[in-house]
Amino acid sequence: MSVKTILSGKGTNVVTIEPNADLAAAVMLLAEKRIGALVVTGAEGRLISILSEGDIVRAVANHDAAALEVPLTEAMTRKVVTCVESETLSVVMERMTEGKFRHVPVIEGDRLVGIVSIGDVVKRRLEEMEREQSALREYIATA
């Protein structure tokens, strides 16, 4: 199963924020959308970085209550790991596990086309395993 399969089911909408915003705006947007990460985009919607809940926690640890006034540029993850639609879920899941992150922007060329979370990947992998298990049961029953 590929990343494209996930995007075809969940859609390609990505919640983004501009790099000149502060953490307060990011926190409000995360809470409003009930999500765990924002993709930071620049001119023409190009991927600049990602801001996760973990980045916010680190900012609070470093700046105390003043963290909400910190610009995103001081808190965001600059080295963003991405994937493409043709990659398999196994590859993306392994990358997430090794890197200890939960969100991967999906790009095609220099265009942001979606985002997948560890929840998306696990859900699809479980569905795939259930289908395989069902097929095996059916095969055994007819053998």
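**Exercise 1. Find which side chains meet D55 and R58 in a salt bridge, and place the pair in the fold.**

Solution. Step 1: the side chains of D55 and R58 meet in a salt bridge, 2.8 Å from N to O. The term stands for a side-chain nitrogen of Lys or Arg within 4 Å of a carboxyl oxygen of Asp or Glu.
Step 2: both D55 and R58 lie in helix α3, residues 53–63. They are 3 residues apart, about one turn of the helix. Helices here are DSSP runs of H or I with at least four residues, strands are runs of E with at least two, and both are numbered from the N terminus.
Step 3: D55 counts as buried, at 4% relative accessibility. Buried means under 20% relative accessible area, exposed means over 50%, and partly exposed lies in between, for a 1.4 Å probe and protein chains only.

A note on the source: this is a predicted model, in which local features need pLDDT of at least 70 and side-chain atom pairs count only at pLDDT 80 or more, while totals for chains, interfaces and linings use all residues. Residues are numbered from 1 along each chain as its sequence is written, and side-chain values use heavy atoms, with hydrogens and water left out.

**Exercise 2. Work out how many salt bridges the whole structure has, and examine the partner of R46.**

Solution. Step 1: a search of the whole structure finds 9 salt bridges.
Step 2: R46 forms one with D110, and their closest N and O atoms are 2.3 Å apart.
Step 3: this pair links distant parts of the chain. R46 sits in the loop between β2 and β3, D110 in the loop between β4 and β5, and 64 residues separate them.
Step 4: R46 is partly exposed, with a relative accessible area of 38%.
Step 5: in helix α6 (residues 118–142), R124 and E127 are 3 residues apart, about one helical turn. Their side chains meet in a salt bridge of 3.8 Å, N to O. E127 is partly exposed, with a relative accessible area of 27%.
Step 6: salt bridges that share partners join E44, R46 and D110 into one network.

**Exercise 3. Describe how β4 and β5 pair, and decide whether they are enclosed or open.**

Solution. Step 1: strand β4 (residues 103–108) and β5 pair in the antiparallel sense over 6 bridges. Two strands pair if DSSP finds at least two bridges between them.
Step 2: pick out partners. E108 stands opposite R111 in β5. V106 has G114 of β5 as its bridge partner.
Step 3: look at the turn. The hairpin has 2 residues between the strands, and G109 takes a positive phi near 65° there.
Step 4: check burial. In β5 (residues 111–117), 6 of the 7 residues are buried, so this strand is largely enclosed by the rest of the structure. In β4, 5 of the 6 residues are buried, so β4 is largely enclosed too.
Step 5: take one residue. S117 lies in strand β5. S117 is buried, with a relative accessible area of 16%. Leaving out residues up to four places away in sequence, S117 touches M96, R102 and H103; contact means heavy atoms within 4.5 Å.

**Exercise 4. Give the strand order of the open sheet and name its edges.**

Solution. Step 1: 3 strands form the open sheet, in the order β1-β2-β3, with mixed pairing.
Step 2: β1 (16–17) and β3 (47–52) stand at the edges. Each has a single partner strand, so one side of each is left without a neighbour in the sheet.
Step 3: β1 and β2 (residues 37–41) run parallel, joined by 2 bridges. The bridge partner of I17 in β2 is V40.

**Exercise 5. Trace the largest nonpolar core.**

Solution. Step 1: this core has 17 residues. A nonpolar core is a set of buried Ala, Val, Leu, Ile, Met, Phe, Trp, Tyr and Cys residues joined through side-chain atoms within 4.5 Å.
Step 2: the elements giving two or more residues are α2 (23–33), β2, α3 and α4 (72–75). The largest share, 4 residues, comes from α2.
Step 3: A26 touches I17, L38, L51 and L72, not counting residues up to four places away in sequence.
Step 4: a second, separate core of 12 residues includes V3, V92, V104 and V113.
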